[in-house]
Amino acid sequence: MPSTKSETVRPPAVAGRFYPADPGRLRRDVQRLIDEAGPVNEPLAAAYIAPHAGYRYSGPVAAQVYARLAAHRGRVKRVVLVGPSHHAPFRGHAAAPYTGWETPLGLVRAAATTVVGSSRLPHEAEHSLEVQLPFLQVALGDDIEVTPVACGMSQTPDTARIIAALLEEAGEDAVLICSTDLSHYHDQATAERVDAATADAIRSLRPREIAPQHACGVHALRGTVAWADATGRRPRELARATSADTGGSPDRVVGYPAFAIDFPAVTDR
């Protein structure tokens, strides 16, 4: 039986919940967040770490990543997305078996990969990769392609090798975005302390010190940090906040990170 659009295009799962379902409002909200974070004039990084909560809470932190990408609009042609599967735990890594991902802003083309197999289940209801798409559409335009990969329970060296292979396959016009939030449901003071330690582990290239309970995208995040270490890159923190910083209760917060990852700057000695 021939595939139908519903079988080949992944519809939005969290529009109207994590971000506005109305196209006009969504574009205005994302553009405002990017404008408030930028403009940023710096070299394009090879990879970024961005949060994936509702835009009301994590949007200002995520915008620090996308303001940087917006400065290189036209240069980035493909984005490799890695992140967790919150609703369908599994082992290993799974690409998404779709030709495109629909958002209220239109269709984002999906580039197939031969690096890992595909599975529909980890992606059907998952928000961690979906919430990056409207930001990408506004920052980079309609001509981008994405390769979304869910990272289940996995060994860090394996994930690092898969990330390297995905980027090699994607070509020199590609960037990586690792989608993760940080600690969940501590009070504000505890979250700040825990997230500071996680941020230090990221900056210091110590993936084993990132605890599963301190980052919901731990396997993708560990793999990204290990890949950075193996390729001579260094994470640079762009922003870090919690849901309390953007209007949530300080008694039960979620942490949000933004990092850029590229070769260290060369300095005169």
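Me: A pocket is an open set of grid points with protein on both sides within 12 Å along at least five of seven lines. What is the volume of the largest pocket?

Reply: This is a predicted model. In it, the largest pocket has a volume of about 510 Å³.

Me: What lines the largest pocket, and which residues lie nearest its centre?

Reply: The lining has 26 residues. Ala53, Gly54, Tyr55, Arg56 and Tyr57 lie nearest the centre. Four elements each supply at least two lining residues: α2 (23-37), α3, β9 (184-186) and β11 (253-262).

Me: How many of the lining residues are nonpolar, polar and charged?

Reply: There are 12 nonpolar, 7 polar and 7 charged residues. Tyr counts as nonpolar, Arg as charged and Gly as polar. So, among the residues nearest the centre, Tyr55 is classed as nonpolar, Arg56 as charged and Gly54 as polar.

Me: Which residues have the most contacts inside the largest nonpolar core?

Reply: Tyr66, Leu69, Val79, Phe135 and Leu136 do, in a core of 50 residues. Helix α3 (residues 55-70) gives the most to this core, with 8 residues. Apart from this core lies another, of 34 residues. Ala95, Leu167, Ala199 and Trp227 are among its members. In soluble globular proteins, nonpolar side chains tend to be buried together.

Me: What does Tyr66 touch, beyond residues up to four places away in sequence?

Reply: Tyr66 touches Ile34, Gln132, Phe135, Leu136, Ala139 and Ile177. Phe135 and Leu136 are also on the list of residues with the most contacts inside the core.

Me: Why is Thr147 called buried?

Reply: Its relative accessibility is 3%. The cut-off for buried is under 20%. Therefore Thr147 counts as buried. Thr147 sits in strand β7 (residues 145-151). Beyond four places in sequence, Thr147 touches Arg78, Val79, Val80, Leu81, Ala111, Thr113 and Leu166.

Me: What makes the approach of Thr147 to Ala111 a polar contact?

Reply: A polar atom of the Thr147 side chain lies 3.2 Å from the backbone oxygen of Ala111. The limit for a polar contact is 3.5 Å, so this distance is within it.

Me: Why is Ser154 called buried?

Reply: Its value is 15% relative accessibility. Buried means under 20%, so Ser154 qualifies. Ser154 lies in the loop between β7 and α6 (156-170).

Me: Which groups does the side chain of Ser154 reach, and which side chain does it join in a polar contact?

Reply: The Ser154 side chain reaches the backbone oxygen of Gly152 at 3.1 Å. A polar contact of 2.9 Å joins it to the side chain of Thr159. Both distances are within the 3.5 Å limit. Setting aside residues up to four places away, Ser154 touches His93, Thr159 and His219.

Me: Is Asp251 buried or exposed?

Reply: Asp251 is exposed. Its relative accessible area is 61%, and exposed means over 50%. Asp251 is found in the loop between β10 (234-242) and β11. Outside its neighbours within four places, Asp251 is in contact with His186 and Asp187. Leu33 is 218 residues away in sequence and 26 Å away in space, C-alpha to C-alpha.

Me: Why is Asp35 called partly exposed?

Reply: Its relative accessible area is 47%. Buried needs under 20% and exposed needs over 50%, so Asp35 falls in between. Asp35 is placed in helix α2. From Asp35 to Ala63 is 28 residues in sequence and 8.4 Å in space, C-alpha to C-alpha.

Me: What makes the phi of Tyr185 worth a look?

Reply: Tyr185 has a positive phi of about 70 degrees, although it is not a glycine. Most residues other than glycine have a negative phi. Tyr185 is found in strand β9. Its relative accessible area of 46% makes Tyr185 partly exposed.

Me: What is the phi of Leu205, and is Leu205 buried or exposed?

Reply: Leu205 also has a positive phi, of about 60 degrees, and is not a glycine. At 14% relative accessibility, against a cut-off of under 20%, Leu205 counts as buried. The place of Leu205 is in the loop between α7 (188-203) and α8 (218-230).

Me: How do you know that the peptide bond joining Gly38 and Pro39 is cis?

Reply: Omega is about 0 degrees there, and the bond is cis. Most peptide bonds are trans. Pro39 is found in the loop between α2 and β2 (47-50).

Key:
Residues numbered from 1 in each chain as written. Predicted model: local features only at pLDDT ≥ 70, side-chain atom pairs only at ≥ 80, totals over all residues. Heavy atoms only, no water. Core = buried A, V, L, I, M, F, W, Y, C linked by side-chain atoms within 4.5 Å. Buried < 20%, exposed > 50% of the residue type's maximum accessible area, 1.4 Å probe, protein only. Contact = heavy atoms within 4.5 Å. 1 Å grid on protein atoms, 1.4 Å probe; cavity = no way out; pocket = protein on both sides within 12 Å on 5 of 7 lines; lining within 4 Å. Points joined across faces, edges and corners; volume = space filled by probe spheres on them. Polar contact = N/O pair within 3.5 Å; in protein donor to acceptor, adjacent residues only side chain to side chain.
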